[in-house]
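Colleague: I am new to this model and would like to learn how to read it. Please take me through it step by step.

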Amino acid sequence: MILDYGPPQKAAPTPMSQTAETDWFELVQTPIDPSAVVRHVRADNDGAIVTFDGFVRNESHSRRTLYLEYEAYTSMALEKIREIGAQMHQKFAIHRVAILHRLGRLEISETSVFIAVSAPHRPAAFDACRFAIDTLKRTVPIWKKEYFEDGGVWADGELPPAPPSRPKAAS
Amino acid sequence: MPPVSSKLRVNVLFFGRVRELTGLKEEAVELPAGATLADLFGLYTARFPRLADFRASLVASRNQEFAAWDTPLSFGDDVAFLPPVSGG
């Protein structure tokens, strides 16, 4: 399975309009360190960081969950996560974005997805973080299988919107 | 399928319940020129009839982008039939 490179090198401080270069998008097979992600997006010209920590719940529909397995169409998933990051910068007055998703087997309470958004002011950071997780759950090709005492079940999930039939001239 | 005059070759990827149902992870397939994503899916429902039940809950992708079923395929395309996503 091909995974993306680690956190980008921290460059010298750049103007707000160019900081997308310091965003961090990654699919990982090993545990996510939330504090490292938060440190990555934090900068002196920010005043707020909002994070989303999605982790493995011990039950699903009142059945005890033993563990989860995540798989991804890795190249497409990373591309879709990058698109979410780009949309966040277009829509919200934010500074840096980090979106990390873990793959493979996850035990109860382990973090499956961690999102951190920094901004000069909190409203944009809250709104952007909410947008990121909601969009990720609808559009990023990652699949979760929940294992119970009597076996594994693919989570219901959401069908990403497909483009309309007979696309116009481009693509 | 109509008689094959010229062919195109695509790479098909399988994930989640589609991977489990077909027992396939990835394979190269030859198709008649002009074939669409729907035509390719038809080849697989012929091989794996149970796959037809999933059609309404699958979205196709071509070269890492979601694509309409009537999208024509090109030589070397990466194609997948993706189940509902459940990341997060």
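Colleague: Which are the buried residues of α2(A)?

Modeller: First, the ground rules. This is a predicted model, in which local features need pLDDT of at least 70, side-chain atom pairs count only at pLDDT 80 or more, and totals for chains, interfaces and linings use all residues. Residues are numbered from 1 along each chain as its sequence is written, while chains are lettered from A and ligands numbered from 1 in the order in which they are written.

Modeller: Now the terms. A residue is buried if 20 or more other C-beta atoms lie within 10 Å of its own, exposed if 12 or fewer, and partly exposed in between, with C-beta atoms placed from the backbone. Helices (H or I, at least four residues) and strands (E, at least two) are DSSP runs, numbered from the N terminus. In α2(A), the buried residues are M76(A), A77(A), L78(A), K80(A), I81(A), I84(A), G85(A) and M88(A).

Colleague: What do the buried residues of α2(A) pack against?

Modeller: Packing is read from contacts: two residues are in contact if their C-beta atoms, placed from the backbone, lie within 7 Å. In chain A, the partners are β1 (24–28), β4 (63–72), β5, α3 and β8 (142–148). Chain B adds β3 (59–62).

Colleague: How many Å should α2(A) span?

Modeller: The expected span of a helix is 1.5 Å times one less than its number of residues. The 18 residues of α2(A) should span 26 Å, and its end C-alpha atoms are 26 Å apart, which agrees. Helix α3 (residues 122–139) of chain A also has 18 residues, an expected span of 26 Å and end C-alpha atoms 26 Å apart.

Colleague: Where on α3(A) do the buried residues lie?

Modeller: They are A124(A), A125(A), A128(A), C129(A), A132(A) and L136(A). Their arc around the axis is only 130°, which puts them on the same side of α3(A). The arc is that of the directions from the helix axis to the C-beta atoms. The cover over these residues includes β2 (48–55), α2 (74–91), β5 (97–102) and β7 (111–119) of chain A.

Colleague: Which residues are buried in helix α1 of chain A?

Modeller: In this helix (residues 34–41), they are V37(A), H40(A) and V41(A). They fall within an arc of 90° seen down the axis, so they line one face of α1(A). They pack against β1, β2, β5 and β7 of chain A.

Colleague: Is Q90(A) buried or exposed?

Modeller: Count its neighbours. Q90(A) counts as exposed because it has 7 C-beta neighbours inside 10 Å. Its place is in helix α2 of chain A. For contrast, take V28(A) in strand β1 of chain A. V28(A) has 16 C-beta neighbours inside 10 Å, so it counts as partly exposed.

Colleague: How many helices and strands are in chain A?

Modeller: Three helices and nine strands. From the N terminus on, the order is β-α-β-β-β-α-β-β-β-α-β-β. Of the 171 residues, 33% count as buried. Among contacts between residues at least 6 apart in sequence, 72% join residues at least 24 apart.

Colleague: What is the mean pLDDT of chain A?

Modeller: pLDDT is the predictor's confidence in each residue, from 0 to 100. The mean for chain A is 89, and 85% of its residues reach 70 or more. Over residues 10–19 of chain A, pLDDT stays under 50. The model has eight contacts beyond four places in sequence for that stretch.

Colleague: How many residues does the contact take from each chain?

Modeller: Chain B gives 23 residues and chain A gives 31. On the side of chain B, the elements that give two or more residues are α1 (16–22), β3, β4 (65–67) and β5 (78–82) of chain B. The largest share of that side, three residues, comes from β3(B).

Colleague: Which strands pair with β3(B)?

Modeller: Two strands pair if DSSP finds at least two bridges between them. β3(B) pairs with β5(B) in the antiparallel sense over four bridges. One partnership there is V59(B) with L82(B). Three bridges join β3(B) to β4(B), again antiparallel. A60(B) stands opposite A67(B) in β4(B). These two strands, β3(B) and β4(B), form a hairpin with two residues between them. In the turn, N63(B) has a positive phi of about 50°.
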